[in-house]
Amino acid sequence: MPDEISDLRFFCILAAAGSIAGCARVMGMSPAAMSRRLSWFEARLGTRLVTRTSRHFALTAEGQRLHERATRIMHEIEEAEAEVTAKAGIPHGLLRVGVPSELGRKMLAGIVAAFVEKYPDVTVHLTLSDAGLDVIDDGLDIAIRAGMPPDQGVMTTTLISSRRVVCAAPSYSARKGLPATPHDLLRHDCICLLRRQRIFNEWAYYDGKTRKEIHVTPHLAASSSEVVHDWAVNGQGIALKVLWDIADDLKCGRLIECLSAYAWEDVVLCAVYPSRTHLPPRMRFFLDFVKRALRQHDFGT
């Protein structure tokens, strides 16, 4: 029979997953088993915690109150365990990490695999998304993101910084030429990133020490950085990409750097995590491991 702490941990996972099926995937059990456990938990408390149908899942008012208290209790338990295990320096347990899709697939997936190989008592659940993951709302321990987070209630660690590069494929250059100045971008086919209906078409650069912006008109826009990358490689237009995403393409000639006489605005890659007194060893070891692995690459030049 599950104990009270296990029930609260289960309910936190269920609320974060947003569905019985999602909770089952996280916990490695069947949806039927998760549904039975929820029913048993509700019967023990004598109240309904979740309203669920085949298409709808939502916490009831009682479920929301329990989730708020349960989340605080789980954090306190984690901090108590971290305070004890930090002295032994033993990384173990589950680590939930969210990363941007392209960076995650190209680089961080391999780093995570190497970390788990070195520390086999740690289990990592890696979420790849271009939606801008949030450590609190998405139930993550660590979110890796480009740029500093707007939320001041979290902790951040800078992993690496890199310059941005205006780039195009040789096939695009042969067809339409390349811009000689940033202003020339206005008459080229530009490819932009799209986030929640906002188009990132303000490309910032430095002319000497003066910061300027060019507002390009997107020929194509996508919410996926990988799609933007693929369009650029396939000659569909000119893109502004972070060097860590296209370093290999520049080396082998799949992409050409444009406007290298201008310094395009740098970007930092940050690890974001909830503010807490004691970081569990698995988080401290992971952050140090990822930072060392990323800094072996030269993304600044």
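**Pairing of β3 and β4**

In which sense do strands β3 and β4 pair, and over how many bridges? In this predicted model, strand β3, which covers residues 93–99, pairs with β4 in the parallel sense, and 7 bridges join the two strands. One residue pair can be named: Leu94 has Thr123 in β4 as its bridge partner.

**The sheet and helix α5**

These strands belong to an open sheet of 5 strands with mixed pairing, in the order β4-β3-β5-β16-β6. The edges are formed by β4 (122–128) and β6 (154–162), each of which pairs on one side only. From one strand to the next, the twist averages 20 degrees.

Helix α5, made up of residues 101–118, packs on this sheet. The helix touches β3, β4, β5 (142–146) and β16 (267–274). The direction of α5 makes about 175 degrees with that of β4.

**Cysteines**

How many disulfides does the model contain? The count is 0. For Cys190, the nearest cysteine sulfur is that of Cys192, at 6.2 Å. A disulfide requires two cysteine sulfur atoms within 2.5 Å, so a pair must meet that cut-off to be counted. Cys190 is accordingly in no disulfide.

Accessibility was also computed for two cysteines. Cys190 counts as buried because its relative accessibility is 0%. Cys270 likewise has 0% relative accessibility and therefore counts as buried.

**Lys241**

Lys241 is located in strand β13, which comprises residues 238–242. Is this lysine buried or exposed? Its relative accessible area is 6%, so Lys241 is buried, the cut-off for that class being under 20%.

The side chain of Lys241 makes a polar contact with the side chain of Glu102, at 2.9 Å. Glu102 is also listed among the residues that Lys241 touches when those up to four places away in sequence are not counted. The others in that list are Arg163, Arg164, Val165, Cys167, Ser225, Val228, His229 and Ile246.

**Leu259**

Leu259 lies in the loop that runs between β14 (256–258) and β15 (263–264). Its phi is near 55 degrees, a positive value in a residue other than glycine. Most residues other than glycine have a negative phi. Leu259 counts as buried because its relative accessibility is 8%.

Key:
Residues numbered from 1 in each chain as written. Predicted model: local features only at pLDDT ≥ 70, side-chain atom pairs only at ≥ 80, totals over all residues. Heavy atoms only, no water. Pairing = 2+ DSSP bridges. Helix = DSSP H or I, 4+ residues; strand = E, 2+ residues; numbered from the N terminus. Axes fitted to C-alpha atoms, helices over the stretch in contact; angles between N-to-C directions. Contact = heavy atoms within 4.5 Å. Buried < 20%, exposed > 50% of the residue type's maximum accessible area, 1.4 Å probe, protein only. Polar contact = N/O pair within 3.5 Å; in protein donor to acceptor, adjacent residues only side chain to side chain.
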